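Morning, everyone. I have one protein to walk through today. Please take a look at it before I start.

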Amino acid sequence: MAVLTFVIAAIVLGAHVEALSPILIVPGLMGSQLFSRTNPCPWWSICYWEGLWVGTDLCFSSTSALDRLSLEYNEATNTYKDKTGTEIKVSGFGETCKVEYLASNPVETSCTFQLPVGNYFHTFVDYFVARGYQRDKNIRAAPYDWRLAADQLYSRGYYNNLKSLIEQMYTSNGGRKVTLVSHSMGGPVTLFFLNNVVTQQWKNTYIYAFVSIAGAWSGGNKILQGQISGLLPSEISPVVQDVCNFPPDLVFRLRTTLRTLESMSWLLPKPSVWRNAILVTTPKRSYTANDYQALFQDMGFPQGFKMYTGISVINAGFTAPNVPVYCFYGTDVQTAESFVYDQGFPDSQPTRIVNGNGDGTVNLKSAEVCLKWKKEQTYFVSKSFSGAAHVAIVQTTAVLQAVEVVVTSLA
């Protein structure tokens with residue numbers, strides 16, 4: 001009898017696993033491990049891929065590491081490249097381990113030797129493995145160079161690789177459509193893919209659902225503070241604090257790096273969302289999202305406005321992706337909305353930060369941009385989670401259960 005019970009349970013479990021929609025994770029800002037090496041490599045040296053984000057050099061506030069993390073912007077061509085003498089790569093495309101934890105090893109290694117430090121998606125992946133999923137088979141990840149925005153990711157081949165990975169997952173899992181689960185900046189990254197890279201016929205064939213968690217559709221106003229006076233990495237992505245305890249004096253050195261990153265321009269608050277709301281106040285004047293040219297000029301960084309206008313084409317509107325969408329986001333967490341500076345602007349931190357609703361990083365106005373899709377496409381579901389903070393939301397039981405309902409409804 002016991003044997004028969006075991007056999008029946010095995011059959012039921014097997015049928016359940018066969019019915020699961022494969023999950024592909026698209027992480028958020030600072031949510032992919034980056035490795036760097038010297039390029040060109042001197043003939044007398046062996047140039048290993050060394051852990052950069054989040055690596056030990058950054059943990060010790062190495063100026064060299066911050067420099068390697070920077071990008072160089074070409075105004076004439078509106079393109080970005082790695083810092084001269086440095087080559088950056090994203091590790092673990094198609095694998096979950098490099099988004100489960102953010103601590104990078106001193107040199108690039110396989111998942112077997114991944115440091116279990118800096119839990120990002122580990123709780124999420126473990127939850128679904130316990131329910132029949134298998135790492136790197138029907139739950140996988142598509143990390144990307146989060147320093148870039150969608151246009152540069154496209155030109156560097158990320159979206160071609162993403163498309164191929166989805167097709168591979170569909171085929172290797174018996175023709176079951178794939179569920180895309182994005183977090184934070186991964187939302188806009190995925191939206192660009194669905195609206196600009198693939199056709200509707202392709203989406204109908206390969207995509208089961210798009211689950212956006214804490215989507216940074218209109219960025220996060222905290223990014224504006226980072227551009228003006230700097231932020232610690234842990235203030236943008238709290239999970240980083242589990243890897244490194246960055247000293248406060250890193251703020252202004254990191255500001256120099258943050259200002260070079262295209263993603264920082266992409267994630268600035270959008271005028272279409274914030275309209276004439278005052279976001280920054282200084283002794284000289286106040287600024288709205290329509291005043292970026294004056295703001296960047298007054299903060300002594302006029303190139304910042306050119307970088308911002310350089311991505312205007314991918315900032316225009318938030319068109320519904322026309323696939324089943326589940327928009328999940330956190331609320332009721334104090335979230336920076338506007339910043340008041342004194343005479344020390346821009347080289348001192350705000351004297352006062354005015355908070356509003358959100359998840360601690362993404363403002364509610366930004367998270368709820370997706371709600372307009374309810375009128376633009378056939379299938380749309382939204383759900384807010386009170387008290388769910390920006391990174392903790394991907395580890396919150398209620399959210400994991402909500403995602404589980406989506407991916408198991410294939411049965």
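What percentage of the 411 residues of the protein count as buried? The answer is 56%. Keep in mind as I talk that this is a predicted model.

Let me start with the whole chain. The protein has 19 helices and 15 strands. Now take the contacts between residues at least 6 apart in sequence. Of those, 74% join residues at least 24 apart. Then the surface. About 16,700 Å² is exposed. Carbon and sulfur atoms supply 55% of that area.

Next, the inside. The largest nonpolar core holds 122 residues. Which of its members touch the most other members? They are Phe124, Phe128 and Ile166. Let me pick Phe128. Leave out residues up to four places away in sequence, and Phe128 touches Ile23, Tyr133 and Ile139. Phe128 also touches Leu400, Val403, Glu404 and Val407.

Ile166 comes back in a helix pair. Find helix H7, residues 158-172, and helix H8, residues 186-196. Their axes come within 11 Å. They cross at roughly 80 degrees. Angles of 65 to 115 degrees count as roughly perpendicular, so H7 is roughly perpendicular to H8. Who meets whom? From H7 we have Tyr158, Tyr159, Leu162, Lys163 and Ile166. From H8 we have Val189, Phe192 and Phe193.

Now a few single residues. Ser263 is in helix H13, which covers residues 262-266. Is Ser263 buried or exposed? Its relative accessible area is 0%. Buried means under 20%, so Ser263 is buried. What does its side chain reach at 2.8 Å? It is the backbone oxygen of Trp146. Trp146 is also among the residues that Ser263 touches beyond four places in sequence. The others are Leu29, Arg147, Leu148, Ala149 and Met185.

On to Val280. It sits in strand E10, residues 280-281. With a relative accessibility of 1%, Val280 counts as buried. Now compare sequence and space. Val280 and Val340 are 60 residues apart in sequence. In space, their C-alpha atoms are 5.9 Å apart. What does Val280 touch, leaving out residues up to four places away? The list is Leu224, Ile228, Arg285, Ser286, Tyr287, Leu295, Phe339 and Tyr341.

Hold on to two of those names, Arg285 and Ser286. They turn up again with Asp291. Asp291 lies in the loop between strand E11 (286-287) and helix H15 (292-298). Beyond its neighbours within four places in sequence, Asp291 is in contact with Arg285 and Ser286. The side chains of Asp291 and Arg285 make a polar contact at 3.5 Å. The side chain of Asp291 also reaches the backbone nitrogen of Thr288, at 2.8 Å. One more distance here. Asp291 and Phe305 are 14 residues apart in sequence, and 9.9 Å apart from C-alpha to C-alpha.

Last topic: backbone details. Which peptide bond has omega near 5 degrees? The bond from Asn39 to Pro40 does, and it is cis. Pro40 lies in the loop between strand E2 (34-38) and strand E3 (50-53). Another cis peptide bond joins Phe345 and Pro346, with omega about 0 degrees. Pro346 lies in the loop between strand E13 (335-340) and strand E14 (352-356).

Now phi. Asp136 is not a glycine, yet its phi is positive, about 65 degrees. Asp136 is in the loop between helix H5 (122-129) and strand E7 (139-141). At 32% relative accessibility, Asp136 counts as partly exposed.

Arg275 is not a glycine either, and its phi is positive too, near 50 degrees. Where does Arg275 lie? Look in the loop between helix H14 (271-274) and E10. Is Arg275 buried or exposed? Its relative accessibility is 57%. The cut-off for exposed is over 50%, so Arg275 counts as exposed.

To recap, find three places on your screen. Find Phe128 in the largest nonpolar core. Find H7 crossing H8 at roughly 80 degrees. Then find Asp291, with its side chain in polar contact with that of Arg285. Thanks, everyone.

Technical notes: Residues numbered from 1 in each chain as written. Predicted model: local features only at pLDDT ≥ 70, side-chain atom pairs only at ≥ 80, totals over all residues. Heavy atoms only, no water. Core = buried A, V, L, I, M, F, W, Y, C linked by side-chain atoms within 4.5 Å. Buried < 20%, exposed > 50% of the residue type's maximum accessible area, 1.4 Å probe, protein only. Contact = heavy atoms within 4.5 Å. Helix = DSSP H or I, 4+ residues; strand = E, 2+ residues; numbered from the N terminus. Areas by Shrake-Rupley, 256 points an atom, 1.4 Å probe, with all protein chains shown as cover. Polar contact = N/O pair within 3.5 Å; in protein donor to acceptor, adjacent residues only side chain to side chain. Axes fitted to C-alpha atoms, helices over the stretch in contact; angles between N-to-C directions. Parallel < 35°, antiparallel > 145°, perpendicular 65-115°, else oblique.
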